[in-house]
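Let's take a walk through this one, starting from a single residue and working outward to the ligand.

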Amino acid sequence: MAKVLMKGNEALAEAAIRAGCKAFFGYPITPQNEIPGYMADQLPLRGGVYLQAESEVSAINMVYGAAGAGARVMTSSSSPGISLKQEGISYIAAAELPCVIVNVVRCGPGLGGIQPSQGDYFQAVKGGGHGDYRLIVLAPGSVQEMADLTALGFDLADKWRNPVMILSDGILGQMMEPVDFPDTFEPLQVEKPWATTGAVNRKPNVVNTLDIIAESLEKKVERLLEKYERIKEEEVRWQEEGTEDAEIILVGYGTSARIARSAMEQARQEGIKVGLFRPITLFPFPERRLKDLAGPEKKFLAVEMSAGQMIEDVRLAVEGQSPVYLCRRLGGMVPTPEEVLAKIRELAEGRVSQ
Amino acid sequence: MKTVFQKPEAMTDAQLHYCPGCTHGIIHRLVAEAIDALGIREQTIGIASVGCSVFAYDYFNCDMQQAAHGRAPAVATGIKRVLPEDRIVFTYQGDGDLASIGMAEIVHAAARGENITVIFINNAIYGMTSGQMAPTTLIGQVTATSPRGRSASETGHPIRICELLATLEGPAYLARVSSHTPRHILQAGRAIKKAFEMQQQKKGFALVEVLSTCSVNWGMTPVNAMKWLEENMIPYYPLGVYKDITAEEDE
Ligand SMILES: Cc1ncc(C[n+]2csc(CCOP(=O)(O)OP(=O)(O)O)c2C)c(N)n1
């Protein structure tokens with residue numbers, strides 16, 4: 001198919017439908033309204049169900065029901081709404097139900113603002129709701145990836161029986177770029193013998209998250225943790241540019257990675273050896289590759305639209321082999337390439353202490 | 001030999017964990033009998049809510065999901081909307097679950113005319129968490145969190161769910177029944193069956209509120225609890241059909 005110019009949010013919605021999404025439940029919130037808008041328009045015409053829920057709490061529990069009944073299902077929201085969904089997300093992870101949850105992140109805390117942010121990183125990758133569980137977290141860096149990673153997200157969700165979060169932000173959601181949808185996209189076909197579709201000629205299926213026997217619940221959580229370890233082995237994704245000879249490695253995902261790339265190009269013109277490391281999966285985090293890249297002669301610079309959340313995972317990954325610095329903006333402010341460049345220059349000249 | 005007692009097919013062999021004098025078990029049986037009578041066990045998906053009846057997923061012999069506290073109508077909506085039309089979806093919810101934390105979900109499922117069946121157990125108390133005040137607790141009723149009796153000036157008045165939902169266009173069938181005498185139990189069974197039939201006929205949202213006892217948390221013998229229900233709950237929660245669109249059609 002020829003490339004079409006689309007907003008990130010619309011590309012994501014279109015990709016979801018092509019990936020076989022059969023139901024969407026959501027509640028309005030800026031800056032993700034194009035997603036439910038697109039779904040409301042298209043999904044019913046293309047064999048699916050769109051329903052505006054009474055709240056994000058209801059929406060995520062509708063997702064639980066539909067996923068438990070075996071459908072490919074999605075919800076989207078932005079930060080305050082994602083906070084409301086957390087109990088439901090914990091249930092979905094516990095019941096091992098596949099679904100895609102989109103967070104087009106805006107800035108907090110509180111009602112915060114509607115400008116883009118990356119302040120929900122901890123919530124997305126460390127759990128967010130109660131209990132020991134993980135989401136698979138995908139971080140698109142372009143409109144094309146808003147589409148590609150959403151389609152991938154449905155496959156990963158089914159493959160691992162695990163909720164997948166697309167961690168985007170207001171810029172990626174709103175900006176327009178050319179996007180290509182493959183003509184022959186084939187969603188992964190996964191049997192769901194556990195789904196509650198009606199117990200015809202079989203024993204009843206139960207979708208449940210309760211287990212009051214401690215010994216048995218411990219085993220269940222151990223099994224979940226084992227699954228997360230296998231996901232770490234098999235599903236890590238990232239992108240590198242110019243890391244071969246880099247003395248300073250910028251680390252950023254999503255919008256921050258785009259800004260870091262501009263700064264890197266300018267720094268290279270000045271003769272500073274800078275590379276870019278862009279995690280595409282935030283869980284699992286590409287920690288092994290970062291560790292390999294680290295060393296006493298290298299410096300890392302995390303670029304974030306938050307107080308510095310991903311930087312903690314970078315530090316854990318490099319295990320003290322290299323110093324890790326932070327360049328950040330808050331409150332919906334976006335770092336400029338010049339700000340990042342200024343930090344790069346300081347690091348290159350050795351003017352910054354950790 | 002004549003069979004005088006048989007377990008409904010829609011119930012499993014699991015032993016019920018309910019306290020003596022609790023009517024959850026009786027109401028489970030009524031639901032299972034309705035499912036059997038309509039021959040819909042293999043196409044039914046039930047939703048157990050958080051409360052004493054959470055283990056209903058072990059007791060009903062059909063596909064089951066266990067929902068977060070209050071969210072059963074949302075879970076039911078998700079299931080109902082993605083499965084083939086002949087699938088029957090019911091929720092089984094307590095009064096804390098449905099009338100407090102889950103008020104938004106039940107009102108909106110009803111307003112949408114969601115084609116599901118809701119079995120609503122009103123025992124005027126939070127059973128599972130050991131007897132706190134519920135939104136349905138009567139004025140003057142002593143609970144763990146209204147130790148001097150529920151006072152209207154501090155906590156307002158108990159909520160009448162059938163009456164409240166009857167103001168909406170969405171519901172097809174709303175009835176309040178009781179479980180304190182054999183005669184009432186028979187009536188309750190008929191109402192529950194009707195609420196499933198409404199769904200089969202795609203009439204829309206159906207809810208049966210069943211007045212129920214919690215003798216342990218009420219601090220009464222089972223017999224006194226039945227009496228207390230009759231003398232205190234029924235005057236405030238009158239039994240009857242609050243909405244039935246098929247009755248209107250029949251007229
Ligand atoms: C979000 C959340 N809040 C609180 C609870 C604790 N909780 C469990 S059961 C229950 C009350 C259930 O009472 P009711 O719905 O009246 O049912 P009953 O136990 O009386 O049958 C509460 C508050 C919970 N599990 N989840």
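Two residues count as being in contact here when they have heavy atoms within 4.5 Å. Keep in mind that this is a predicted model.

With that in hand, start at Asp95(B), which sits in helix H4 of chain B, a stretch covering residues 95–101. Leaving aside residues up to four places away in sequence, Asp95(B) touches Ser100(B), a run of neighbours that includes Phe120(B), Ile121(B), Asn122(B) and Asn123(B), and also Ala134(B), Pro135(B) and Thr136(B), among others. With Thr136(B) there is a polar contact too: the two side chains are joined at 2.7 Å. Asp95(B) has a relative accessibility of 2%, so it counts as buried, the cut-off being under 20%. For a longer jump along the chain, look at Leu211(B): it is 116 residues from Asp95(B) in sequence, yet their C-alpha atoms are 10.0 Å apart in space.

Now for the ligand. There are 17 residues around it, and Asp95(B) is among those that come nearest, along with Cys52(B), Asp97(B), Gly127(B) and Met128(B). The surrounding residues come from chains A and B, so the two chains share the site. H4(B) is the top contributor to the shell, giving 4 residues. Sorted by class, that shell holds 6 nonpolar, 8 polar and 3 charged residues.

What do the ligand's oxygen atoms meet? A backbone N or O atom of Cys52(B) lies 2.8 Å from one ligand oxygen atom, and a backbone N or O atom of Asp97(B) is also 2.8 Å from a ligand oxygen atom. Asn123(B) uses its side chain instead, with an N or O atom 3.1 Å from an oxygen atom of the ligand. Taken alone, the ligand exposes 590 Å², and the protein buries 76% of that.

Note on methods
Residues are numbered from 1 along each chain as its sequence is written. Chains are lettered from A and ligands numbered from 1 in the order in which they are written. This is a predicted model: local features need pLDDT of at least 70, side-chain atom pairs count only at pLDDT 80 or more; totals for chains, interfaces and linings use all residues. Side-chain values use heavy atoms; hydrogens and water are left out. Helices (H or I, at least four residues) and strands (E, at least two) are DSSP runs, numbered from the N terminus. Buried means under 20% relative accessible area, exposed over 50%, partly exposed in between (1.4 Å probe, protein chains only). A polar contact is a pair of N or O atoms within 3.5 Å; within protein, one must be able to donate a hydrogen and the other to accept it, and residues adjacent in sequence count only if both atoms are side-chain atoms. A residue is near a molecule or strand if one of its heavy atoms lies within 4 Å of it. Accessible areas come from the Shrake-Rupley method with a 1.4 Å probe; for residues, only the protein chains shown count as cover. Ala, Val, Leu, Ile, Met, Phe, Trp, Tyr, Cys and Pro count as nonpolar, Asp, Glu, Lys and Arg as charged, and the others, Gly among them, as polar.
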